[in-house]
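Student: I've got a structure open and I'd like to talk it through. Can we start with what the terms mean and then work through the contacts?

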Amino acid sequence: MTAPATLDSSFDAPAADGGRGSRPRLGLVGIAVAVVVALLLGYAGGLLTPRLTRPGDDSVEAGFARDMTAHHAQAVEMGMLAFQRGTDPEVRQIGGDIASGQQGEIGIMQTWLRSWGLDPTGSQPRMAWMADGAGLVKNGLMPGMATPQEMEKLRAAQGREFDLLFLNMMINHHLGGVHMIDGVLDAGDEPEVLRTAQIMKNTQQTDLTNLQNAKKRLGG
């Protein structure tokens with residue numbers, strides 16, 4: 001996605017390789033359906049990928065899948081809010097892209113856990129799989145995650161205030177997410193996890209460029 005959308009309810013679904021592809025434009029019902037389809041495709045992708053190794057319950061891969069699922073879930077909520085309530089067309093477009101893309105990645109990560117015979121939640125504390133993970137958790141929140149108060153403020157905001165608040169919050173959220181992805185890229189050894197994590201990083205870095213450009217354009 002390189003340019004603002006031209007219709008108030010438009011949405012470009014992200015390409016399967018993590019980029020922004022050209023897709024038919026959908027309305028609000030369409031984005032809801034797209035999010036569900038993305039989740040199902042994520043599950044299917046995880047099931048079809050051969051597994052030669054089975055990471056353990058306290059492995060880097062399992063910790064990443066569990067923690068990034070929770071991290072993504074907040075981004076999906078923020079993205080859906082932006083798609084539904086953003087005033088700026090590009091803000092709505094970015095929100096829709098993030099919501100559908102990260103929902104699909106949640107499906108992939110949850111399928112990994114099932115294929116490894118692991119529960120969606122483990123016994124390890126948040127971020128225990130990263131060397132510096134314990135120090136990154138603030139008030140129970142992983143890097144970049146918004147506080148409950150910040151989420152309430154976003155839900156209550158309107159107009160340009162909403163647009164800029166979303167952009168600022170999602171920039172912070174993605175910066176934290178990229179740091180977590182770097183953690184699994186540095187310490188993980190499961191090829192499919194590493195491949196998918198690199199795609200996630202590439203996508204989030206593209207998102208960050210778009211978010212920062214939109215923020216600058218709106219004078220934030």
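Tutor: Sure. A salt bridge here is a side-chain nitrogen of Lys or Arg within 4 Å of a carboxyl oxygen of Asp or Glu. Keep in mind that this is a predicted model.

Student: Which residue does Asp-182 meet in a salt bridge?

Tutor: The N to O distance for the pair is 2.7 Å, and the cut-off is 4 Å. The bridge links distant parts of the chain, with Asp-182 in helix α6 and its partner in helix α7, 19 residues apart. That partner is Lys-201.

Student: Is Lys-201 buried or partly exposed?

Tutor: Buried means under 20% relative accessible area. Asp-182 comes out at 25%, so Asp-182 is partly exposed. Lys-201 has 17%, so Lys-201 counts as buried.

Student: How far apart in sequence are the parts that Asp-88 and Arg-217 tie together?

Tutor: The closest N and O atoms of Asp-88 and Arg-217 are 2.7 Å apart, and the two form a salt bridge. Asp-88 sits in the loop between α2 and α3, while Arg-217 belongs to helix α7, so the pair ties together parts separated in sequence by 129 residues.

Student: Which residues are joined into one network with Glu-152 by salt bridges that share partners?

Tutor: Glu-152 bridges to Arg-155, with the closest N and O atoms 2.6 Å apart. Both lie in helix α5, three residues apart, about one turn of the helix. Shared partners bring in one further name, so to speak, and the network joins Glu-152 with Arg-155 and Glu-77.

Student: Which helix gives the largest share of the largest nonpolar core?

Tutor: That core has 24 residues, and Leu-154, Phe-166 and Leu-167 have the most contacts inside it. α2, α3, α5, α6 and α7 each supply at least two of its residues. The largest share is nine residues, and the helix they come from is α6.

Student: Which residues does Leu-154 touch, leaving out those up to four places away in sequence?

Tutor: A contact needs heavy atoms within 4.5 Å. With that cut-off, Leu-154 touches Met-78, Leu-81, Arg-85, Phe-162, Leu-165, Phe-166 and Met-169.

Student: How far apart are the end C-alpha atoms of α2?

Tutor: α2 is mostly covered, with 21 of its 26 residues buried. At 1.5 Å a residue, those 26 residues should span 38 Å. The distance between the end C-alpha atoms agrees with that, at 37 Å.

Notes:
Residues are numbered from 1 along each chain as its sequence is written. This is a predicted model: local features need pLDDT of at least 70, side-chain atom pairs count only at pLDDT 80 or more; totals for chains, interfaces and linings use all residues. Side-chain values use heavy atoms; hydrogens and water are left out. A nonpolar core is a set of buried Ala, Val, Leu, Ile, Met, Phe, Trp, Tyr and Cys residues joined through side-chain atoms within 4.5 Å. Buried means under 20% relative accessible area, exposed over 50%, partly exposed in between (1.4 Å probe, protein chains only). Helices (H or I, at least four residues) and strands (E, at least two) are DSSP runs, numbered from the N terminus. The expected span of a helix is 1.5 Å times one less than its number of residues.
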